[in-house]
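Visitor: I am new to protein structures and would like to learn how to read one. Could you walk me through it, please?

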Amino acid sequence: METLEQKQRMLKEVWAEVRRKHLYPELPQPSWEEQEDRVAIDIKDKRISVSAPFVEELSQFMDPACVASGLLDHAVSHYLHCPWDLSTHLKLYREAKHVLKDKQMAQKATGYFMDVVADTLCMSQKESNLPELYRHIKRGIMDEAVHALYQTIWGLDLGVKGYEEVARKLSRLPYLDRGRWMESIRKFSKIVQSLLEVEERFGGLDRPNPMGEHGLQQYSPEEIEQGLKEFARDAATPAEFNEIVEDLQDELLEAMEPNHKGMGLGPGRSLDADILYYMKLAENYALPVRRRPMEKSGALYPHHHVPWEVGRPFQDIDPWTSFGKIMPGITQTWERREGEVLGREEGTPDCIVLIDSSGSMTNPRQSLSYAVLGAACACDAYLRNDAQVAVYNFSDAKAGGCQILPFTRHRMSIYKTICHYFGGGTKLLLEDLESLQRSSLPDIFLITDMQITNLEALIQYFNEKKNRVTAVHIGDNEHVRTFRRSMALRKNVGIFSVEKKEDIPKIVLGRIREYFHSPSRP
């Protein structure tokens, strides 16, 4: 075999040709590795690595440059077309798992499906050495079936005997139609299920795919954050999100290792899928928080020039624009205006989140809870604006059904508190709420169905306070109407209704109409 310098030169020349063929993707120069995977792409730094032992092994059948070219075609096609992002990867796995009911088989089917999509796209658009490569590669049972599929759809002889029926069924799937991938992988998994079960019996599932595995470690922490956010948005229920995240928890944590605190995780390194679901789902709804209004400062400052007239004070004359003369029509004088400032409590205030988790509210671990989602969105909005959040989660507080979290910016603690579900009756203790008040007047965010036993006392409390209050009610009932009537004249209280997820973005936190409270001055 060639020297290392010759191999590097050869890879550089092959890479130049592959880049030209794929219209110059933004990928760095590949490298040689002594790895088990024949070709791999690390999406964190977008670098492709090629297995030197594998190229050496196939050099007895093919020109090493052709082997490297085929491997690079496969990797670049994956990067450009499939899976493209973590969210798509998770959705494909979810569909495969739905059919196969087994994590390892679902991962295997997902990997093979993505390989078929990438290879088929490459072969449909470019000239490639992939068929020659597959002709000489060692194959297991699943590899034989997939290569029989390639023989059928590419119309080339790859040296596979048998598997005609499986190949015929697989060849009917529209691999190039991205909009039908979820439907296609379900059918793909169903067709290859019996082969995967045979592989499982003989330990073949532990063997890597011909072109390498597609683990989650290839994604960067930022791509994982974004992928989970999109996956939470598309999940029909919390249970659907939880099942997939719990399946792949170890892989996700390993991939997030350099920056696992990004998801609010602490040193304990564990994922609570229920909490993570609401955390990532809330990031899809960026609620606006209105900052405290400006107030008059009482000080006058020069605002603009006006012509001086006889009778106007001389001290406001601007000598620099008056040519040194005092004469009506030539002399300019300053018009002064009163300034505005943000007041003592500048910027976004902290927030007390009151969330009702009584028996009349949805259990967030069983179904999508609009109350928890709304509270999660509110917390996310205040935290994004550098404010702190305190949480009062209540059902029958007098009977011990409440959790109080003091002001903090620790996301996991906040989301853990708002996701807790008590059930039972609904009564809050106003002294608990009062204990969270601060002299700087935090905002209050209340989300409930208003079926609170001591609702009248809460209304009286809000009537006595000057905090900006955002009250969100789930559903409509007599208690809601009572609350609305009682708060109709309160200009520091904004009331919103949430009936569906799409209502969440309509909430403006700290919304006020003509409310300009005067902060107490020393």
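Guide: Let us start with Pro53. Leaving out neighbours within four places in sequence, Pro53 is in contact with Glu33 and Glu34, where contact means heavy atoms within 4.5 Å. From C-alpha to C-alpha, Pro53 and Glu34 are 6.5 Å apart in space, although 19 residues apart in sequence. Before we go on, a word on the source: this is a predicted model, in which local features need pLDDT of at least 70 and side-chain atom pairs count only at pLDDT 80 or more, while totals for chains, interfaces and linings use all residues. Residues are numbered from 1 along each chain as its sequence is written, and side-chain values use heavy atoms, with hydrogens and water left out.

Visitor: In which element is the place of Pro53?

Guide: Pro53 belongs to helix H2, residues 52-58. Helices (H or I, at least four residues) and strands (E, at least two) are DSSP runs, numbered from the N terminus. The protein chain has 18 helices and 11 strands.

Visitor: Is Pro53 buried, exposed or partly exposed?

Guide: The general idea is a scale: buried means under 20% relative accessible area, exposed means over 50%, and partly exposed lies in between, using a 1.4 Å probe and protein chains only. Pro53 has a relative accessible area of 36%, so it is partly exposed. Pro208 is also partly exposed, at 23%; this residue is in the loop between helix H9 (181-201) and helix H10 (221-234). The C-alpha atoms of Pro208 and Lys108 are 8.8 Å apart, with their positions 100 residues apart along the chain.

Visitor: What share of the 522 residues in the protein chain is buried?

Guide: Buried residues account for 53% of them. Arg94 in helix H4 (residues 86-100) counts as buried, because its relative accessibility is 14%. Not counting residues up to four places away in sequence, Arg94 touches Phe231, Glu240 and Ile244. Thr333, in strand E5 (residues 332-341), is buried at 1% relative accessibility. With the neighbours up to four places away left out, Thr333 touches several residues, among them His304, His305, Trp308 and Asp318.

Visitor: Among contacts between residues at least 6 apart in sequence, what percentage join residues at least 24 apart?

Guide: In the protein chain, that figure is 71%.

Visitor: How do I read a pair of aromatic rings?

Guide: Such a pair is described by the distance of the centres and the angle of the planes. Rings of Phe, Tyr and Trp (its six-membered ring) pair if their centres lie within 6.5 Å; planes under 30 degrees apart count as stacked, over 60 as edge-to-face and the rest as tilted. A search of the whole structure finds 11 aromatic pairs. In one of them, the ring centres of Tyr277 and Tyr278 are 5.1 Å apart and the planes are at 80 degrees, so this pair is edge-to-face. Tyr277 is buried at 0% relative accessibility, and Tyr278 is buried at 1%. Tyr392 and Phe394 make a stacked pair, with 5.7 Å from centre to centre and 20 degrees between the planes. Tyr392 is buried, at 0%, and Phe394 is buried, at 0%.

Visitor: Which residues form one aromatic cluster together with Tyr277 and Tyr278?

Guide: Phe231 and Phe241 join them in that cluster. You met Phe231 earlier, as one of the residues that Arg94 touches.

Visitor: And how do I read two helices that meet?

Guide: Look at the axes, which are lines fitted to C-alpha atoms, for helices over the stretch in contact, with angles from 0 to 180 degrees between N-to-C directions. Angles under 35 degrees count as roughly parallel, over 145 as roughly antiparallel, 65 to 115 as roughly perpendicular and the rest as oblique. Helix H14 (residues 370-384) and helix H15 (residues 411-419) have axes that come within 10 Å and cross at roughly 160 degrees. H14 and H15 are therefore roughly antiparallel. Residues of H14, including Val372, Cys379 and Leu383, meet residues of H15, including Ile414 and Tyr415.

Visitor: At what angle do H11 and H12 pack?

Guide: Helix H11 (residues 238-247) and helix H12 (residues 249-256) pack at about 70 degrees, with their axes 4 Å apart. These two helices are therefore roughly perpendicular to each other. Val245, Glu246 and Asp247 in H11 meet Gln249, Glu251 and Leu252 in H12.
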